[in-house]
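Please open the model in a viewer and keep a selection tool at hand. The stops below proceed from one group of elements to the next.

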Amino acid sequence: MSEIQPSFESATDFENADRGFLGALVPGVVKDDAGRVVWDNDVYAFLDADCPDTAHPGLWRQGRLNSRQGLYEVTGGIYQVRGLDLSNMTLVEGERGVVVIDPLISVETAAAALALYREHRGDRPVTGVIYTHSHGDHFGGVRGVLPHGTEEGVPILAPEGFLEHAVSENVYAGNAMTRRAAFMYGAGLPQAPDGQIGVGLGQATSTGTISLIPPTVDITRTGQEETVDGVRIVFQPTPGTEAPAEMNFLFPDHRALCLAENATHTLHNVLTLRGAVVRDSRIWARYLDEAVEYFHGRYDVGFASHHWPTWGHDNVVRFLEEQRDLYAYLHDQTLRLLNAGHTGTEIAELIELPPALRRAWHARGYYGSLSHNAKAVYQRYLGWYDGNPAHLWELPPVELARRYVEVAGGPADALARARAYAEDGDLRFAATLLNHVVFADPEDREAKEALAGVYRRLGYGAENATWRNFYLRGAQELREGPTGDVVDTTNPEMAMALTVPMLIDSIAIAIDGPRAWDDDLVIDLVLTDGPTGAGARHRLTLHNGALTHREAVAPPRTPAGLTLTLAKAQLLGLLAGRTADELGVAAEGDPALLARLLAYRVKPDPGFPIVTP
């Protein structure tokens, strides 16, 4: 693939990233109540130097832009705090206070961002909150801006389906995603020229307390207008784009357009390396096109939940059209090649962006990549199987690795051959062969060290930040073993925001099915509070190792073995291991059934192996 470097106004991004600066948090460090550092932006000061040979120049440039930190004026009455978490917090001044958009990942960083705003703009109360979409870096810090007892009467706006998708991504598959996210974001790597230099979308993820307050206002249709604290907002829901529940919106009186995470200064992910539901790049492009037309002429600045704004109506239109074309081209050309019989891996090698997009800095793959996005489009339509019968029932990794090593002549010969490939510059196949040697014998320290060295070289050459972090984190774990750096997404703050069906689902996915195969039990939960009112009955059935549940709309045909009458807070206490007697829960039937059910739960391993078996 030919390489075309961006050539348009290379200084413009730096000018825009600095525009409107009012002041920084000094030092740029946020700690929790115990004094533990949950965010440190000052560690990225090394990015002020020239790019070393341990980093790709494009990624180094992106890191320099993302490492800017402070409070910035977007336009009159709208401000952003950038560089205090992976995402931006935007604040819109109203008649009585300030509306907060996307309160970051952690309670601690959100509180620090709000304090920085108040230092420069006055001690205004939070009079509204908007979640642009259902990813954790856009809601997790909400208790930092609305502490307990202050949320009464404060509207919280979100796209329809927000809570369901926020929970499914951050709780249901939370352990696996969090483990992989540690690789993707480079958690545990030193921030240094030969270590973590950012993630392309921002610099890092904070590691404080995650929280969630359920929305009170659903945004359901394009053109829906809401007024919050005197601020008029016109919405455009964009479901199925960068998140399953997402929305753009216009502040008509400010002539400012919020693009959520649908248009950022990088090629985004159709499927993130941490794992998620595959996104629809066709719909993504369509909603960007709709935004160009629907909001045309009504704004002078476009800003998003990451990166820096774009000023000038025509500049924003150009930006949106190029982003639209980026996702549309990715989708359509992958399908063209797919229908010509190419597999996802082959398409990733064949697809090439048009020259105009390759010249655009914001279309480069700092966070998503053309390679893994093309594979994601293939996966969306055809799934994991490429149609080749040899790939239908392959051996699992360890057994496959042992046979590869045997074919290569044994561990010593395989290691020697892999080193020869690495010396010849064929790092991709060297990594594949060395990975087989490690999986065949995870105690082979020489093979692990050789693979770590190849990973580091691959990381140093990657323009994509998440690829770099995966390679460098893989090298680190081969040498040092897993590190304990998992963020807790199942804490009480998150759990209290879940609906009762969501809480029951979280139990169901933790049931060890084989151990429960031969058990059969029925438990009714009668809630004394909640959105459906007192008396809502949820029936839990464990049968054939599967825990299913439904809300009973009429008296059940058959009695439950145990009926518990309780409030949601008491249910959380039971799930945490306290007894019905301790919590004052009314129980009718056999109280041992609940203990029996919960005994089938297994706690997932937050450090499960990735680079070794």
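In this predicted model, begin with the six strands β11 to β16, which form an open sheet in the order β11-β12-β13-β14-β15-β16 with mixed pairing. Which strands stand at the edges? They are β11 (225–228) and β16 (310–311); each has a single partner strand, so one side of each lacks a neighbour in the sheet.

Next, select β11 together with β12 (residues 231–237). The two strands run antiparallel and are joined by four bridges. Within this pair, valine 228 is placed opposite valine 231 of β12. Add helix α6 (residues 281–294) to the selection: α6 lies across β12 and β13 (247–251), and its direction is at about 140° to β12.

Move now to strand β17 (residues 520–527), and display β18 (residues 536–543) beside it. β17 pairs with β18 in the antiparallel sense, and the pairing extends over eight bridges. One position to label is valine 522, which stands opposite threonine 541 in β18. Is β18 enclosed or open to the outside? Six of its eight residues are buried, so β18 is largely enclosed by the rest of the structure.

Extend the selection from β18 to β19 (residues 546–552). These two strands run antiparallel and are joined by seven bridges; arginine 539 has arginine 550 in β19 as its bridge partner. The hairpin of β18 and β19 has two residues between the strands, and there asparagine 544 adopts a positive phi near 55°.

Return to β17 and select β20 (residues 562–566). Here the pairing is parallel, over five bridges. Four of the five residues of β20 are buried, so that the strand is mostly covered. Then add β21 (residues 586–589), which runs antiparallel to β20 and is joined to β20 by four bridges. Leucine 564 of β20 is a useful residue to label: leucine 525 stands opposite leucine 564, and in β21 the bridge partner of leucine 564 is alanine 587.

Keep leucine 525 selected and show its surroundings. Which residues does leucine 525 contact, apart from neighbours within four places in sequence? The contacts are Ile504, Ala536, Arg537, His538, Leu540, Leu564, Leu566 and Leu571.

Leucine 525 also leads to the largest nonpolar core, which has 87 residues. Tyr131, Val145, Ile523 and Leu525 have the most contacts inside this core. Helix α3 (residues 107–121) gives the most to the core, contributing six residues. For the second core, which is separate and has 38 residues, select Leu259, Leu320, Ala363 and Val377, which are among its members. In soluble globular proteins, nonpolar side chains tend to be buried together.

For the last stop, select helix α12 (residues 411–423) and helix α13 (residues 427–440). Two packed helices are described by the angle between their axes and the distance between the axes. α12 and α13 pack at an angle of about 160°, with their axes 8 Å apart; the two helices are therefore roughly antiparallel to each other. Their crossing is left-handed. Finally, show the side chains where the helices meet: Ala414, Leu415, Arg417, Ala418, Tyr421 and Ala422 in α12 meet Leu427, Phe429, Ala430, Leu433, Leu434 and Val437 in α13.

Technical notes. Residues numbered from 1 in each chain as written. Predicted model: local features only at pLDDT ≥ 70, side-chain atom pairs only at ≥ 80, totals over all residues. Heavy atoms only, no water. Core = buried A, V, L, I, M, F, W, Y, C linked by side-chain atoms within 4.5 Å. Buried < 20%, exposed > 50% of the residue type's maximum accessible area, 1.4 Å probe, protein only. Contact = heavy atoms within 4.5 Å. Pairing = 2+ DSSP bridges. Axes fitted to C-alpha atoms, helices over the stretch in contact; angles between N-to-C directions. Parallel < 35°, antiparallel > 145°, perpendicular 65-115°, else oblique. Left-handed = near helix turned anticlockwise from the far one by under 90°.
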